[in-house]
Amino acid sequence: VSISKDGTIRFFTFDPATGKTAGLGIYDKHAGEVLSARYTSFNTPDGRPIFIATHGDDKVRFFTLDTATGETTDFGVFDKHTGPVQFAQYTYFTALEGEPIFVSASNDATIRFFTLNIVTGLTREIEVFDGHKGWVHSVRNTYRTDPDGRPIFMSASGDKTVGFFPLDVPVKEASSKASAVNAAIGAVTPP
């Protein structure tokens, strides 16, 4: 997958035997530069992979790709930011109701956590972190927890700070990746 200033996200196949790539599909519903795009780790009930993308407006967009035809289809939108969204991704946690939790960072100086219903495409905001004084460039899961067991996230901001903060809503760890990383970190962390 590649992103571009021309507002497109392009999908390619790669043949390792020949080293050749071939175009698979294009998502072109953005009005401006695409800032981030990635696979969410989820598929629709009919098997289409769900992708997440941000660009120069205040929305996080979800869309699907039909890998047989290359057709892309809008799937859902999270629209609670008031400035361009720089970054968004899956947190590797789910809400207690079972919906995956995503996180986004924006020029509005907030980090927002929200869920996505992978059947309907509806999003629901669950928490906002507004501790920065400038635009937020990125946010990451640290794969660590605070003494109360809440997952800790880290953010980088144009205010020249890095923030660490817990997600203060009940969650379930939803990924073997998160479990493996937590186990590895625990194995190398001094007592």
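Colleague: Is tyrosine 143 buried or exposed?
Modeller: In this predicted model, the relative accessible area of tyrosine 143 comes to 15%. Buried is the term for values under 20%, and because 15% falls under that cut-off, tyrosine 143 counts as buried.

Colleague: In which strand does tyrosine 143 have its place, given that its phi is positive?
Modeller: Most residues other than glycine have a negative phi. Tyrosine 143 has a phi near 60 degrees, a positive value in a residue that is not glycine. The place of this residue is in strand E12.

Colleague: What is the phi of tyrosine 92?
Modeller: Tyrosine 92 belongs to strand E8 and is buried, its relative accessible area being 15%. Although tyrosine 92 is not a glycine, its phi is positive, at about 70 degrees.

Colleague: How many strands does the chain have?
Modeller: The secondary structure of the chain includes one helix. Beside that helix, the number of strands comes to 15.

Colleague: What radius of gyration does the chain have, and how does that value bear on whether the chain is as compact as a globular protein of that length?
Modeller: For 191 residues the globule rule gives 16 Å, and the value for the chain is close to this, so the chain is as compact as a globular protein of that length. Along the principal axes, the C-alpha atoms fill a box of roughly 50 × 35 × 35 Å, and 43% of the residues count as buried. The radius of gyration itself is 17 Å.

Colleague: Which element gives the most residues to the largest nonpolar core?
Modeller: In soluble globular proteins, nonpolar side chains tend to be buried together. Here the largest nonpolar core has 15 residues, and those that touch the most other members are Ile50, Ile52, Val60, Phe62, Phe102, Phe114 and Leu116. Elements that give two or more residues to this core include strand E5 (49-55), strand E6 (60-65) and strand E10 (111-116). With four residues, the element that gives the most is E8.

Colleague: How many residues are in the second, separate core?
Modeller: Among the members of this second core are Phe87, Ala95, Val103 and Ala105. The number of residues in this core is 13.

Colleague: Which residues of strand E10 (111-116) are in contact with phenylalanine 102?
Modeller: Setting aside neighbours within four places in sequence, the contacts of phenylalanine 102 include Thr40, Phe42, Ile52, Phe62 and Tyr90. Strand E10 spans 111-116, and the contacts of phenylalanine 102 that fall within that span are Arg112, Phe113, Phe114 and Leu116.

Colleague: How far apart in space are lysine 133 and lysine 160, C-alpha to C-alpha?
Modeller: Lysine 133 sits in the loop between strand E11 (123-129) and strand E12 (136-145), where it is exposed, with a relative accessible area of 74%. Not counting residues up to four places away in sequence, lysine 133 touches Ala109 and Asp159. Lysine 133 and lysine 160 are 27 residues apart in sequence, while their C-alpha separation in space is 9.2 Å.

Colleague: Which residues does aspartate 79 touch, not counting residues up to four places away in sequence?
Modeller: Aspartate 79 lies in the loop between E7 and E8 and is partly exposed, its relative accessible area being 44%. Threonine 115, 36 residues apart from aspartate 79 in sequence, is 12 Å apart from it in space, C-alpha to C-alpha. The residues that aspartate 79 touches are Asp58 and Lys59.

Note on methods: Residues numbered from 1 in each chain as written. Predicted model: local features only at pLDDT ≥ 70, side-chain atom pairs only at ≥ 80, totals over all residues. Heavy atoms only, no water. Rg over C-alpha atoms; globule rule 2.2 N^0.38 Å. Buried < 20%, exposed > 50% of the residue type's maximum accessible area, 1.4 Å probe, protein only. Core = buried A, V, L, I, M, F, W, Y, C linked by side-chain atoms within 4.5 Å. Contact = heavy atoms within 4.5 Å.
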